[in-house]
Amino acid sequence: MAYAAFRSIGAYAPKKILTNDDLAKMVDTSDEWITKRTGIKERHIAAENETTSDMGVAAAKLAIERSGINVTEIDMLICATISPDYFCMPSTATIIANKLGLPGVTAFDISAACTGFVYILSIAKAFIESGMKKNILIVGAERLSAITDYSDRGTCILFGDGAGAALISATDNKEEAIIDVHTGADGTYADLLMTPNGGTGSPHDALEGEANACFMQMKGNETFKVAVRTLTKDVVDILADNDIAAEHVQHFIPHQANYRIIKAVGDALNMKDEQVVLTVGKYGNTSGASIPMAMNDVYESGKLQAGDLMLLDAFGGGLTWGSALVPFSPLK
Ligand code: UT7
C-alpha cells in the first residue's frame, strides 16, 4: 500500500500591510480593541492587479523548489479558496496549474472556507493511498480583501490575503506517512458565516446595483463559541483515536482566526506556549491559506525539522471543521 508523505511547505504574503491604526481611520474601532479581542495587529493585502492564483503560484513555486520533486512529476493540483479568480469557472487550480506550466494534470478547487487546507490534505492523502496519484500539490490561496466589507467593523478587522502550498507524495515508508485527517461539516449553522448574495440561493434582485454582492457576513460571537467547542473536541478526538499524547506534538498549527480561540484550544490540551504556532498577529485570518502560511513561518524559522509531528486544526464557514496529525517528511 502507498502512504502519503508531507514533503514541503511554501507560502506567500503580499507586500502591502494594513494595520489596526489604518482600520481605525476607516471604521469605529481601535488598535486596543482589535488587539485585545483578536490578537491581530496587521494583515497583508494584495496589490490591485494581484489575483488569488498569482499568490498561489508564488507559494507553490517555493513548495516545489523545497520538495526535491521535479515539477513534471506532479500529477494533481487542488486549490482551497473562497475568493477564486473567477466566480464559478475556470477553477483557480486550473489557472495555477497553467501558470506553473503543468498542462494536463488533474486540477480543481474545493470550497470548505477556513477548513479548506485540511480538506485538501485529506483528498490528497486518499488519492495517494488509493494509488491513483503520486505527487499532489495542494494550495490554499485567498484574496479575502476582495470579499470583505470595509464598512463592517465586525469583519473587516479580521481578514487578510496570502497563500500557502505543500507537496504531498507517495512513499512506501509508513514512518513518513500522514497519520490521520478528520473532516466534518454541519450546514445547520450555515448562516453564522456566509456570503449571502450572488449565488442561486439569494434573491435575484439582491445582486442589482450591489457592489458588495460577495461580501462576507458573520455572526462573530456565536461563531466564536461554536469554534472553541468544535475545535477542542476535534483535536481531543484525533489524538485519542491515534493514541498520541498532546505532549508528543512538536507544532500545534491551528487555523489563525483569533488568538483567544487558539489559546482556549491549546489550554484544553495543556499545550505549552512553544508548541503553539501563532501568526494571527501579523497575517490576520487568511482562511484556507492560514495553516500553510503559519507552517511556513515555522519552517523558515528553522524550527520545523524532519520527523516533527504537526497537529493541524481548522474551523470555518459551512460550518466545516477538520484536524490532522502530520509528520514533516522532507526528501532533502
Ligand atoms: O475563520 C472562521 C471562523 N471565524 C471565527 O472563528 C471568528 C470568531 N469570532 C471572533 O473572533 C469574535 O467574535 C470577534 C473578534 C469577531 C468579535 O469579538 P467578540 O468578543 O465576540 O465581540 P462581540 O461581537 O460580542 O461584540 C462586543 C462589542 C459590541 O458592542 P456592544 O453591543 O457590546 O456595545 C460590538 O458592537 O464590541 C463591538 N464591536 C467592536 N468594537 C470596536 C464589534 N466589532 C468591533 C470593532 N471595534 N472592530
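This passage looks at the ligand site and the largest cavity of a predicted model.

Start with the ligand, which sits in the second largest pocket. Its shell runs to 24 residues, and those that come nearest are Thr-29, Arg-37, Asn-221, Asn-258 and Asn-285. Sorted by class, that shell is made up of ten nonpolar, ten polar and four charged residues. Several elements chip in: helix 2 (31-38), helix 6 (220-241), helix 7 (259-268) and strand 12 (309-316) supply at least two residues each. Helix 6 has the largest share, at four residues.

Polar contacts to ligand oxygen atoms turn up at a few side chains. For Asn-285, an N or O atom of the side chain is 2.7 Å from an oxygen atom of the ligand. For Asn-221, a polar side-chain atom lies 2.8 Å from a ligand oxygen, and for His-255 the side-chain N or O atom is 2.9 Å from one. As for cover, the ligand taken alone exposes 960 Å², and the protein buries 73% of that.

Then there is the matter of enclosed space. The structure holds one cavity of 30 Å³ or more, and the largest cavity has a volume of about 40 Å³. Its lining consists of Leu-231, Phe-252, Pro-254, His-255, Ile-261, Ile-262, Val-265 and Asp-313. By class, that comes out as six nonpolar, one polar and one charged. Strand 11 (251-254) and helix 7 each bring at least two residues to this lining, with helix 7 giving the most, three residues. Helix 7 thus appears in the cavity lining as well as in the ligand shell. His-255, too, lines the cavity and has a side-chain atom 2.9 Å from a ligand oxygen.

Technical notes. Residues numbered from 1 in each chain as written. Predicted model: local features only at pLDDT ≥ 70, side-chain atom pairs only at ≥ 80, totals over all residues. Heavy atoms only, no water. Near = heavy atom within 4 Å. Polar contact = N/O pair within 3.5 Å; in protein donor to acceptor, adjacent residues only side chain to side chain. Areas by Shrake-Rupley, 256 points an atom, 1.4 Å probe, with all protein chains shown as cover. 1 Å grid on protein atoms, 1.4 Å probe; cavity = no way out; pocket = protein on both sides within 12 Å on 5 of 7 lines; lining within 4 Å. Sits in = over half its atoms within 2 Å of the grid points. Nonpolar A, V, L, I, M, F, W, Y, C, P; charged D, E, K, R; others polar. Points joined across faces, edges and corners; volume = space filled by probe spheres on them.
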